[in-house]
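Trainee: Could you take me through one part of this model in close detail, and then show me how the rest of the chain fits around it? I would like to start with a single pair of charged side chains.

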Amino acid sequence: MGAEYPAPQKIEFDKLPVITNLPDPFLFADGTRSTEFKDWERHRKEIITRIEQYEIGSIPSMEGMRLSAILQADTAKSPTPPATEKRAFSPFGAKPEGGFALTVTVTAPNGKSIDVKAHITYPKTGNAPYPAIIGIANCLPAPLFLERGCALINFDFNTVCAHQQKRGSEPINTLYPELIDNGAYSYWPWGVSRIIDGLEQLGVNNTRIDTRHLAVSGCSWGGKAALFSGAFDERICLVIPQEPGGGGAASWRVSETLGEVERVHNTDGHWFLESMKTIFGEKNVTRLPADHHQLAALVAPRALLLFGNPDYKWLADESMYVTCKAVKEVYRTFGITDRFAYSIRDKHMHCQLPKDDYALLAAFIDKFLLGKQADTEAEYAPMFADKDWKQWMWK
């Protein structure tokens, strides 16, 4: 992209246009439009910039930072899920199994540093290098990955920012004290990207992780974090947000019409810019330059699998359904509909994937992490069959 397509400038609220439908993902900031895939990177740049400007704050820059990584047998308490076993690590010896701690140290020019941490569980089957899924409060069934020869990388998000951040006092503020207003959804994706940086720096001979085949997932607030992470970092080839709710895959504009669900004015202020809640709440939501069908569409042309749960009204899955239809149109435009699917099922607990969805998840793992043939075409949301989603589409 480069200087030819500069990022759009931030516009003051009273000069932002009112957009009642979902904003057109193919419309550039200068008013021109293109559905050509060659222009998608420019669209991505503009959408990411708008999300940073109005929702989460700027993703921290690594310019001037130094990064180093180590991987060793995990002797400390690991993030959920816990390690199953611990043994010495020999990168050139037998196939590694059990639990290992990944520590990625990021050091600022002034010498201050933080350690971004993750825990790796290796499979007992398959062949190295292993595909892997990075989990942020991940609740997907681990056996579906491990039994296929995929590793689990559980991100210790607290080493970057707590679930309920204290602005200016989180580990990441040691490096970026000027970003005190940022929401956590600018910080956690930064942490996921540093984990990938660390794996790449150590190299496949040391990690036995195939960084060309990485997934990311999480549930509820972690589902939002997974969506943001996968949307921003193009090294992630498969994104699986589980029940991400409002502020995740649900579009703000649609959610505003659904009553007591997660909307701009009542979402968690720790996760977003506080100014977003006060400026774009309620009727002002139509001034947001970008919405979350565009956030989800940022994953294209990579694979995206969304899981919902309409039993929990707060999640605004009716809104996520409209998002899914909009995202499908983006994937359809590029001729890659097999890379996007969604399943919204009721009658199960929050963050507990129903067994009826196991086959779809397995198909996405097989196809996009393991390179096998699998049927990944799926759209399941029977409770919203009568929803007029077309009324929300861009004009």
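Mentor: Happy to! In this predicted model, the side chains of Asp210 and Arg212 meet in a salt bridge, with 3.2 Å from N to O. The two partners sit in contrasting surroundings. Asp210 is buried, with a relative accessible area of 9%, while Arg212 reaches 62% and counts as exposed. The cut-offs explain the labels: under 20% is buried and over 50% is exposed, so Asp210 and Arg212 fall on opposite sides.

Just before this pair there is a backbone detail worth a look. Arg208 has a phi near 60°, a positive value in a residue other than glycine. Arg208 lies in the loop between helix 4 (204-207) and strand 6 (209-219). At 17% relative accessibility, Arg208 counts as buried.

How many salt bridges does a search of the whole structure find? The search gives 27. One group of charged residues forms a network of salt bridges, linking Arg194, Asp197, Glu200, Asp233 and Arg235.

Two further pairs lie within helices. Glu46 and Arg50 form a salt bridge at 3.8 Å, N to O. They are four residues apart in helix 1 (residues 40-56), and therefore separated by about one helical turn. Both Glu46 and Arg50 are buried. In helix 9 (residues 317-333), Glu329 and Arg332 are three residues apart, so about one helical turn separates them as well. Their side chains meet in a salt bridge of 3.3 Å, N to O. Here the burial is intermediate: Glu329 is partly exposed at 25% relative accessibility, and Arg332 is partly exposed at 43%.

Staying in helix 9, let us turn to Tyr331, which is placed in that helix. Is Tyr331 buried or exposed? With 0% relative accessibility, Tyr331 counts as buried. Leaving aside its neighbours within four places in sequence, Tyr331 is in contact with Val299, Ala300, Arg302, Ala303, Leu304, Ile336, Thr337, Arg339 and Phe340. One of these partners, Arg302, is 29 residues away in sequence, with 9.6 Å between the C-alpha atoms.

Another of those partners, Ala300, takes part in a cis peptide bond: the bond from Ala300 to Pro301 has omega near 10°. Pro301 is in the loop between helix 8 (292-297) and strand 8 (303-308). A cis peptide bond also joins Ala128 and Pro129, with omega about 0°. Pro129 is placed in the loop between strand 3 (113-122) and strand 4 (130-136). If you are checking backbone torsions, include Ala316, which has a positive phi of about 60° although it is not a glycine. Ala316 lies in the loop between strand 8 and helix 9, and at 2% relative accessibility it counts as buried.

Now for the helix packing. Helix 3 (residues 184-202) and helix 5 (residues 221-232) pack at an angle of about 60°, their axes 9 Å apart. The contact brings together Tyr185, Trp188, Pro189 and Val192 of helix 3 with Trp221, Lys224, Ala225, Phe228, Ser229 and Phe232 of helix 5. By type, these residues are eight nonpolar, one polar and one charged. The crossing of helix 3 past helix 5 is right-handed.

Helix 5 has a contact with helix 1 too: their axes come within 11 Å and cross at roughly 140°. Arg44, Ile48, Ile51 and Ile56 of helix 1 meet Phe228, Ala231 and Phe232 of helix 5. This contact divides into six nonpolar residues, no polar and one charged. Phe228 and Phe232 of helix 5 thus appear in the contact with helix 3 and again in the contact with helix 1. Helix 1 itself is mostly covered, with 15 of its 17 residues buried. Just after helix 1, Gly57 takes a positive phi of about 90°.

Finally, let us step back to the whole protein. There are 10 helices and 10 strands, and 61% of the 395 residues count as buried. The C-alpha trace spans about 60 × 50 × 40 Å along its principal axes. The radius of gyration is 20 Å, which agrees with the value near 21 Å for a compact globule of 395 residues. Among contacts with a separation of 6 or more, 73% come from residues 24 or more positions apart.

Terms used
Residues are numbered from 1 along each chain as its sequence is written. This is a predicted model: local features need pLDDT of at least 70, side-chain atom pairs count only at pLDDT 80 or more; totals for chains, interfaces and linings use all residues. Side-chain values use heavy atoms; hydrogens and water are left out. Axes are lines fitted to C-alpha atoms, for helices over the stretch in contact, and angles run from 0 to 180 degrees between N-to-C directions. Helices (H or I, at least four residues) and strands (E, at least two) are DSSP runs, numbered from the N terminus. A crossing is left-handed if the near helix is turned anticlockwise from the far one by less than a right angle, and right-handed if clockwise. Contact means heavy atoms within 4.5 Å. Ala, Val, Leu, Ile, Met, Phe, Trp, Tyr, Cys and Pro count as nonpolar, Asp, Glu, Lys and Arg as charged, and the others, Gly among them, as polar. A salt bridge is a side-chain nitrogen of Lys or Arg within 4 Å of a carboxyl oxygen of Asp or Glu. Buried means under 20% relative accessible area, exposed over 50%, partly exposed in between (1.4 Å probe, protein chains only). The radius of gyration is taken over C-alpha atoms; the globule rule is 2.2 Å times the number of residues to the power 0.38.
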